[in-house]
Amino acid sequence: MKPAPFEYEAPSSVEEALRLLADPAIETSLLAGGQSLVPALNMRLARPERLVDLGRIEGLDAIRDENGALCIGAMATKRSIERSALVAQKQPLLHEATGHIAHPQIRNRGTLGGSMAHADPAAEYPAVAVALDAEFRVIGPSGERRIAAADFFVTYLTTALAEDEILLEVTFPERPAGEGVGFAEICRRHGDFAMAGAAATARLEAGRYQDARIVLFGVDATPVRALSQEERLRGEVPSEALHAEVAAAIGAGLEEPPGDQHASPEFRRQLARTVSKRALEAAVARAAKA
Amino acid sequence: MSPTRIPVRLRVNGRPAEGLAEPRTSLVDFLRDELDLTGTHVGCEHGVCGLCTVRVDGVAVRGCLMLAVQADGAEILTVEGLASPDGKLHPLQEAFAEEHGLQCGFCTPGFLMALHELIDDEPNPSEEQIRDVLGGQLCRCTGYAGILRAVQSAFAKLGASPSTESGA
Ligand SMILES: Cc1cc2nc3c(=O)[nH]c(=O)nc-3n(C[C@H](O)[C@H](O)[C@H](O)COP(=O)(O)OP(=O)(O)OC[C@H]3O[C@@H](n4cnc5c(N)ncnc54)[C@H](O)[C@@H]3O)c2cc1C
Ligand code: FES
Ligand code: FES
């Protein structure tokens, strides 16, 4: 199992990478951590004529605080995110989700940007980005633009990125005080892609839901936000019965959960209920009880 | 098209090494075929089994998912670099031998290199941290109980007291 031949460039600047990417004469793919692209090359599912490696460009892996928001460079590895005290403090949901992605040996090289651009329906980061209203800073031949997470994930393995664009950075806005977050996923083996998972946030006021958010992954072509159930929670007193009802409605409301060798569509619906309930309960348990 | 071969210069197990690699050549194939370091094994070639695990600039990575050209300038540690120059095995290797951490041994180099990173990073790992690393390495014949015992024993030799309970 070896890749078809390709050429390789490792530019030292974003400008140079953009120029290489814009060349219409040669089919080019960007290479980040290679943890999704190289398996695809090895299996010859992808056969680009040239790879442009982003790994030699300085400064694309920074993790920084910008007026309270957390900005993470596309080339930051999952391992560096997992180990960043700043991430754990400012974005606990992102921190928790990172530990569920693959194995340490994969997280050592796989990047934030690679996971977002690859947009696997079962991946954790896209759902977390939607749950946290992240913003994607992207650069192309005509300059930079910003894309909201809600618009970034288009369908199965497809994002709003144009072929000649590079994802530079993802910004996670500062979280409101008192918010609790929850994360749950079910997979055959820890580190495998999830059969279904959910990320949730919750805020309480006087013992009632002020707001909540639930985003599922692994159950459709893109992350699924449970909008109507989020709406329903507002003003309610959290309880086991309420969460069970909401979770059941989320499972039943899924349009067309995928079926594969790991889980049938019906089983995924069931898993979606379970992870929705777990994530929501975890978020409520951590929310400030003011 | 005759593929161009690009010079790759790196350090392997503390010594400078160089060779030529087509861009599509993986780091593990380069180590095995070009540098004759066949201690690192190859299995699935898509990141799942962990046989090809080596340390690159300190971190344990899949040698089948990294291109040799990406490793230009890097410091590599392979299983051949674990024992002392006088042949004395690393405590981790000793522990695998003593605690029945291997049967056929095909998976062992990958386990050793993944765990070698853990030893450097976490002198006192939690059971969860150990399992997280072991979960990324497949063994199809020993069973993980012996491997877990070997890990416990290795950390004990190294003076740590990991909280692992036996029985995987
Ligand atoms: C055994 C195994 C288990 C895994 N389990 C999980 C899991 O549980 N959850 C999960 O989410 N992932 C999992 N993965 C995938 C892993 O997280 C990948 O690292 C990730 O999906 C891609 O990141 P990368 O940096 O390796 O990107 P690459 O593989 O290098 O690139 C992926 C794609 O993104 C494009 N791209 C990369 N960077 C940019 C950029 N800056 N701008 C524009 N396009 C870009 C590339 O052109 C390519 O098409 C697993 C992988 C393996 C091998
Ligand atoms: S050969 Fe690299 S992970 Fe299986
Ligand atoms: S010892 Fe045989 S596969 Fe692990």
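The following conversation asks why certain features of this predicted model carry the names they do.

User: What kind of model is this, and how are its parts numbered and lettered?

Analyst: This is a predicted model, in which local features need pLDDT of at least 70 and side-chain atom pairs count only at pLDDT 80 or more, while totals for chains, interfaces and linings use all residues. Residues are numbered from 1 along each chain as its sequence is written, chains are lettered from A and ligands numbered from 1 in the order in which they are written, and side-chain values use heavy atoms, with hydrogens and water left out.

User: Why is A:Leu45 called exposed?

Analyst: Buried means under 20% relative accessible area, exposed means over 50%, and partly exposed is in between, with a 1.4 Å probe and protein chains only. A:Leu45 has 69% relative accessibility and therefore counts as exposed. A:Leu45 is found in the loop between helix H2 (37–42) and strand S3 (50–53) of chain A, where helices (H or I, at least four residues) and strands (E, at least two) are DSSP runs numbered from the N terminus.

User: What makes A:Met1, A:Met43 and A:Leu45 a patch?

Analyst: Patches are made of residues with over 30% relative accessible area and no salt bridge, with nonpolar side chains (Val, Leu, Ile, Met, Phe, Trp, Tyr) joined within 5 Å and like charges within 9 Å. A:Met1, A:Met43 and A:Leu45 form such a nonpolar patch on the surface, and together they have about 320 Å² of accessible area, a kind of value that comes from the Shrake-Rupley method with a 1.4 Å probe, only the protein chains shown counting as cover for residues.

User: Why is the contact between A:Phe136 and A:Phe153 called edge-to-face?

Analyst: Rings of Phe, Tyr and Trp (its six-membered ring) pair if their centres lie within 6.5 Å, and planes under 30 degrees apart count as stacked, over 60 as edge-to-face and the rest as tilted. The structure holds 5 aromatic pairs over all chains. In the pair of A:Phe136 and A:Phe153 the centres are 5.8 Å apart and the planes stand at 85°, which is edge-to-face. A:Phe136 lies in strand S6 (residues 135–140) and A:Phe153 in strand S8 (residues 153–155) of chain A, so the pair ties together parts that are 17 residues apart in sequence. A:Phe136 counts as buried at 0% relative accessibility, and A:Phe153 is buried with a relative accessible area of 9%.

User: What makes the pair of A:Phe183 and A:Phe217 stacked?

Analyst: The centres of A:Phe183 and A:Phe217 are 5.7 Å apart and their planes 25° apart, and the pair is stacked. Since A:Phe183 lies in strand S11 (residues 180–186) and A:Phe217 in strand S13 (residues 208–217) of chain A, the pair ties together parts that are 34 residues apart in sequence. A:Phe183 counts as buried at 7% relative accessibility, and A:Phe217 is buried with a relative accessible area of 1%.

User: How do you know that A:Lys2 and B:Glu45 form a salt bridge?

Analyst: A salt bridge is a side-chain nitrogen of Lys or Arg within 4 Å of a carboxyl oxygen of Asp or Glu, and the closest N and O atoms of A:Lys2 and B:Glu45 are 2.6 Å apart. A:Lys2 lies in the segment before strand S1 (7–9) of chain A and B:Glu45 in the loop between helix H1 (27–34) and strand S3 (53–56) of chain B, so the pair joins two chains. A:Lys2 counts as partly exposed at 37% relative accessibility, whereas B:Glu45 is buried, with a relative accessible area of 11%.

User: What separates A:Glu281 and A:Lys277 in helix H12?

Analyst: A:Glu281 and A:Lys277 are separated by about one helical turn, because they are 4 residues apart in helix H12 (residues 265–286) of chain A. Their side chains meet in a salt bridge, at 3.2 Å from N to O.

User: What makes A:Gly34 and A:Ser36 polar contacts of ligand 1?

Analyst: A polar contact is a pair of N or O atoms within 3.5 Å; within protein, one must be able to donate a hydrogen and the other to accept it, and residues adjacent in sequence count only if both atoms are side-chain atoms. An oxygen atom of ligand 1 is 2.7 Å from a polar backbone atom of A:Gly34, and an oxygen atom of ligand 1 is 2.8 Å from an N or O atom in the side chain of A:Ser36. The protein covers 91% of the 980 Å² of accessible area that ligand 1 has on its own, and ligand 1 lies between chains A and B.

Key. A residue is near a molecule or strand if one of its heavy atoms lies within 4 Å of it.
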